[in-house]
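Please work through the following exercises with the sequence and the structure at hand. Each task is followed by a solution in steps.

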Amino acid sequence: MPKNMKILVTGVKGQLGYDCVRELKERGYQNVRGIDIEDLDITCEKDVYAYIKEFEPAVVIHSAAWTAVDKAENFPDKVYAVNALGPKYIAEVCKSIHAKMLHISTDYVFDGKGECEFNVNDPKNGLSIYGKTKSQGEDFVMSILDKYFIVRISGAFGKNGNNFVKTMLHLAEMGKKEISVVNDQIGSVTYTYDLSKLICDMIETNKFGVYHATNEGMLSWYDFACEIFKQANINMKVHPVTTEEYAKLIPQQAKRPLNSRMSKASLIQAGFNKLPDWKDALSRYLKEIE
């Protein structure tokens with residue numbers, strides 16, 4: 001792709017948007033514009049149309065989303081506007097200017113039943129407002145565009161923003177000596193630094209479609225917490241609890257899928273590189289945020 005080609009990245013203040021802009025610039029792209037909510041309200045159709053039409057990018061990487069899963073339950077209309085209508089409006093402009101769109105989605109579009117890996121075309125049945133609205137956003141993108149990538153991720157962690165790793169380290173800093181972490185939600189995690197490289201590889205092709213892209217290896221949040229403290233040399237007693245038990249400790253949570261195993265078959269078939277193992281990713285991440 002020509003290095004003077006215009007690329008727009010939404011959600012630049014988040015973990016993934018930040019890393020995508022950094023990776024694109026490292027690859028020598030000169031016309032990369034990262035934007036966030038103060039630059040563009042993606043829930044306002046006419047603003048989205050005017051802004052993107054004026055910049056006229058060849059590619060839009062859409063990583064902005066409402067990601068506060070529990071809070072989403074109290075604001076279904078707002079969350080629908082961000083996670084479903086936002087992608088719809090962006091897809092419509094992309095269609096009108098013949099731009100590629102890469103849209104970030106989530107394992108929460110699935111209901112998490114069973115223990116098998118979810119394939120990209122398996123029926124979706126999100127359990128939470130977050131999961132349902134992200135699914136609706138995907139549906140809009142697929143129905144409007146031919147030139148789209150939908151990339152489903154889970155358990156994102158990166159330098160710029162809040163995540164599970166930072167929460168665990170913060171609890172230790174606050175002097176906590178023991179914590180309880182859920183051990184029956186199984187899936188994988190995603191280091192946004194690694195993911196940004198894959199995303200940039202993708203947009204340099206026309207291998208459109210739906211992909212699952214997380215770091216390799218399956219784990220629970222309990223496994224993740226134990227490994228974080230182990231690698232960070234922190235003495236913390238981590239108690240495994242079930243989702244049901246955790247809901248009694250902290251009520252009024254959104255429902256979360258127990259099984260977030262996602263198949264990488266479409267990624268492999270398209271010839272893209274899988275992301276490194278999650279423990280390796282965590283080790284590099286801890287060095288990055290030292």
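The exercises below treat helix packing, nonpolar cores and selected single residues.

The model is predicted, so that local features need pLDDT of at least 70 and side-chain atom pairs count only at pLDDT 80 or more, while totals for chains, interfaces and linings use all residues. Residues are numbered from 1 along each chain as its sequence is written, and side-chain values use heavy atoms, with hydrogens and water left out.

**Exercise 1. Helix H6 and its partners**

Task: Determine how H6 and H8 are oriented to each other, and which residues make the contact.

Solution.
Step 1. Helices (H or I, at least four residues) and strands (E, at least two) are DSSP runs, numbered from the N terminus. Axes are lines fitted to C-alpha atoms, for helices over the stretch in contact, and angles run from 0 to 180 degrees between N-to-C directions.
Step 2. The axes of H6 and H8 lie 10 Å apart, and the helices pack at an angle of about 55°.
Step 3. Angles under 35 degrees count as roughly parallel, over 145 as roughly antiparallel, 65 to 115 as roughly perpendicular and the rest as oblique. H6 and H8 are therefore oblique to each other.
Step 4. Their crossing is right-handed; this term applies if the near helix is turned clockwise from the far one by less than a right angle, and left-handed if anticlockwise.
Step 5. H6 contributes Phe164, Val165, Met168, Leu169 and Ala172 to the contact, and H8 contributes Trp221, Phe224, Ala225, Ile228 and Phe229. Contact means heavy atoms within 4.5 Å.
Step 6. These residues divide into 10 nonpolar, no polar and no charged. Here Ala, Val, Leu, Ile, Met, Phe, Trp, Tyr, Cys and Pro count as nonpolar, Asp, Glu, Lys and Arg as charged, and the others, Gly among them, as polar.

Task: Examine H6 (residues 164-173) against H11 (residues 278-288) in the same manner.

Solution.
Step 1. The two axes come within 12 Å and cross at roughly 60°, and H6 and H11 are therefore oblique to each other.
Step 2. H6 passes H11 in a right-handed crossing.
Step 3. Val165, Lys166 and Leu169 of H6 meet Leu282, Tyr285 and Leu286 of H11, a set with 5 nonpolar, no polar and 1 charged.

**Exercise 2. Gln15 and the packing of H1**

Task: Is Gln15 buried or exposed, and which residues does Gln15 contact?

Solution.
Step 1. Gln15 is found in helix H1 (residues 15-26).
Step 2. Its relative accessible area is 12%, so Gln15 is buried; buried means under 20%, exposed over 50%, and partly exposed in between (1.4 Å probe, protein chains only).
Step 3. Beyond its neighbours within four places in sequence, Gln15 contacts Ala156, Phe157, Gly158, Asn160, Gly161, Asn162, Asn163 and Thr192.
Step 4. Although Gln15 and Phe157 are 142 residues apart along the chain, their C-alpha atoms are separated by 6.9 Å.
Step 5. H1 packs on helix H7 (residues 192-203) at an angle of about 55°, with the axes 8 Å apart, which makes H1 oblique to H7.
Step 6. Gln15, Leu16 and Asp19 are among the H1 residues in this contact, and Thr192, Tyr193 and Leu195 are among those of H7. The contact residues divide into 8 nonpolar, 3 polar and 4 charged.

**Exercise 3. The nonpolar cores**

Task: Which residues touch the most other members of the largest nonpolar core, and which element supplies the largest share?

Solution.
Step 1. A nonpolar core is a set of buried Ala, Val, Leu, Ile, Met, Phe, Trp, Tyr and Cys residues joined through side-chain atoms within 4.5 Å. In soluble globular proteins, nonpolar side chains tend to be buried together.
Step 2. The largest core has 33 residues, of which Val48, Ile52, Ile90 and Leu145 touch the most other members.
Step 3. H2 (45-55), H3 (69-72), H4 (76-97), H5 (129-144) and strand E5 (148-153) each supply at least two residues of this core. The largest share, 9 residues, comes from H4.
Step 4. Apart from this core lies another, of 28 residues, including Met5, Ile7, Leu195 and Ile203.

**Exercise 4. Positive phi in loops**

Task: Where do Asn233 and Gln252 lie, and are they buried or exposed?

Solution.
Step 1. Asn233, not a glycine, has a positive phi of about 55° and lies in the loop between H8 (221-231) and strand E13 (237-241). Asn233 is exposed, with a relative accessible area of 74%.
Step 2. Gln252, not a glycine, has a positive phi of about 60° and lies in the loop between H9 (243-249) and H10 (265-269). Gln252 is exposed, with a relative accessible area of 80%.
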